[in-house]
Amino acid sequence: MKIDKDRVVGIEYTLKGDDGEVIDENVGSEPLHYLHGHGNIVPGLESALLGKLSGESVSVSLDPEQGYGERDEKLVFGVPRKELPDDMEPEVGLMLRLQSPSGSEMIAQIAKVTEEAITLDGNHPLAGQGLNFEVKVLEVRAASADELTHGHVHTPGHDHH
Ligand code: ZN
């Protein structure tokens, strides 16, 4: 079965930055399963995998726009320490879940901590980076009706409901 919209795809991948450093990989552990055509993975990787068969390998290098987007410096902002919850111990690298003024939820990482303020960065940690994927397709199957309704894969033993 070929990879196409509404197929569940299991892959093994290695992700390297433009400097050749491994950023992420799942070789030798659980395959990553995603639902094709639903934005579960970055757009450039999704288009590179279209039409591939189980057993095929794909190498693809993506510009930031085809990956996690360019960095947006407007998403970097300071918060006075006095506005933080009293029990919070801010540390560089900590990820926070925030409510934006418009009410939507965003994830931001603490980029800097000083006596008076912390600096938050709402960019994806891989924004602005070139992504180099080596992928092996391990499995391609039709999605179930439930998976299509939810827009993501249901793996046995991983019940998120
Ligand atoms: Zn679901």
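Colleague: How many salt bridges does the structure hold?
Modeller: Keep in mind that this is a predicted model. Side chains of opposite charge can pair when their charged atoms come close. For salt bridges in this structure, the count is seven.

Colleague: Which residue forms a salt bridge with Arg-97?
Modeller: Start with the surroundings. Arg-97 is exposed, at 59% relative accessible area. Its partner is exposed too, because its relative accessibility is 52%. The closest N and O atoms of the pair are 3.0 Å apart, and the partner is Glu-105.

Colleague: Which residues are linked with Arg-71 in a network of salt bridges?
Modeller: Take the pairs one by one. In one salt bridge of Arg-71, the closest N and O atoms are 3.2 Å apart, and the partner is Glu-73. In another, the N to O distance is 3.0 Å, and the side chain that meets Arg-71 belongs to Asp-121. So the residues linked with Arg-71 in the network are Glu-73 and Asp-121.

Colleague: How many residues apart in sequence are the parts that Arg-71 and Asp-121 tie together?
Modeller: The two side chains meet in a salt bridge. Arg-71 lies in the loop between β4 (57–62) and β5 (76–80), while Asp-121 sits in strand β8 (residues 117–121). So the pair ties together parts whose separation in sequence is 50 residues.

Colleague: Is Asp-121 buried or exposed?
Modeller: Look at the network again. Arg-71 is partly exposed at 36% relative accessible area, and Glu-73 is exposed at 52%. Asp-121 has a relative accessibility of 13%. Buried means under 20%, so Asp-121 counts as buried.

Colleague: Which charge does the surface patch with Asp-18 and Asp-19 carry?
Modeller: List the members. Asp-18, Asp-19, Glu-21, Asp-63, Glu-65 and Glu-70 gather there. Asp and Glu count as negative. So the charge of this patch is negative.

Colleague: Where does Asp-18 lie, and is it buried or exposed?
Modeller: Asp-18 is in the loop between β1 (7–16) and β2 (22–25). Its relative accessibility is 62%. Exposed means over 50%, so Asp-18 counts as exposed.

Colleague: Which element gives the most to the largest nonpolar core?
Modeller: In soluble globular proteins, nonpolar side chains tend to be buried together. The largest nonpolar core here has 20 residues, and those with the most contacts inside it include Ile-3, Tyr-34 and Phe-133. β1, α1 (43–49), β4 and β9 (131–142) each supply at least two residues of this core. With five residues, the element that gives the most is β9.

Colleague: What is the phi of Asp-6?
Modeller: Most residues other than glycine have a negative phi. Asp-6 is in the segment before β1 and is partly exposed, at 27% relative accessibility. Asp-6 is not a glycine, yet its phi is positive, at about 70°.

Colleague: What separates the C-alpha atoms of Val-92 and Val-113?
Modeller: Val-92 is in the loop between β5 and β6 (95–99). Val-92 counts as exposed because its relative accessibility is 57%. Val-92 and Val-113 are 21 residues apart along the chain, and the separation of their C-alpha atoms is 6.6 Å.

Definitions and conventions: Residues numbered from 1 in each chain as written. Predicted model: local features only at pLDDT ≥ 70, side-chain atom pairs only at ≥ 80, totals over all residues. Heavy atoms only, no water. Patch = residues over 30% accessible without salt bridge, like charges linked within 9 Å, V, L, I, M, F, W, Y side chains within 5 Å. Areas by Shrake-Rupley, 256 points an atom, 1.4 Å probe, with all protein chains shown as cover. Salt bridge = Lys/Arg side-chain N within 4 Å of Asp/Glu carboxyl O. Charge placed at Lys NZ, Arg CZ, Asp CG, Glu CD. Helix = DSSP H or I, 4+ residues; strand = E, 2+ residues; numbered from the N terminus. Buried < 20%, exposed > 50% of the residue type's maximum accessible area, 1.4 Å probe, protein only. Core = buried A, V, L, I, M, F, W, Y, C linked by side-chain atoms within 4.5 Å.
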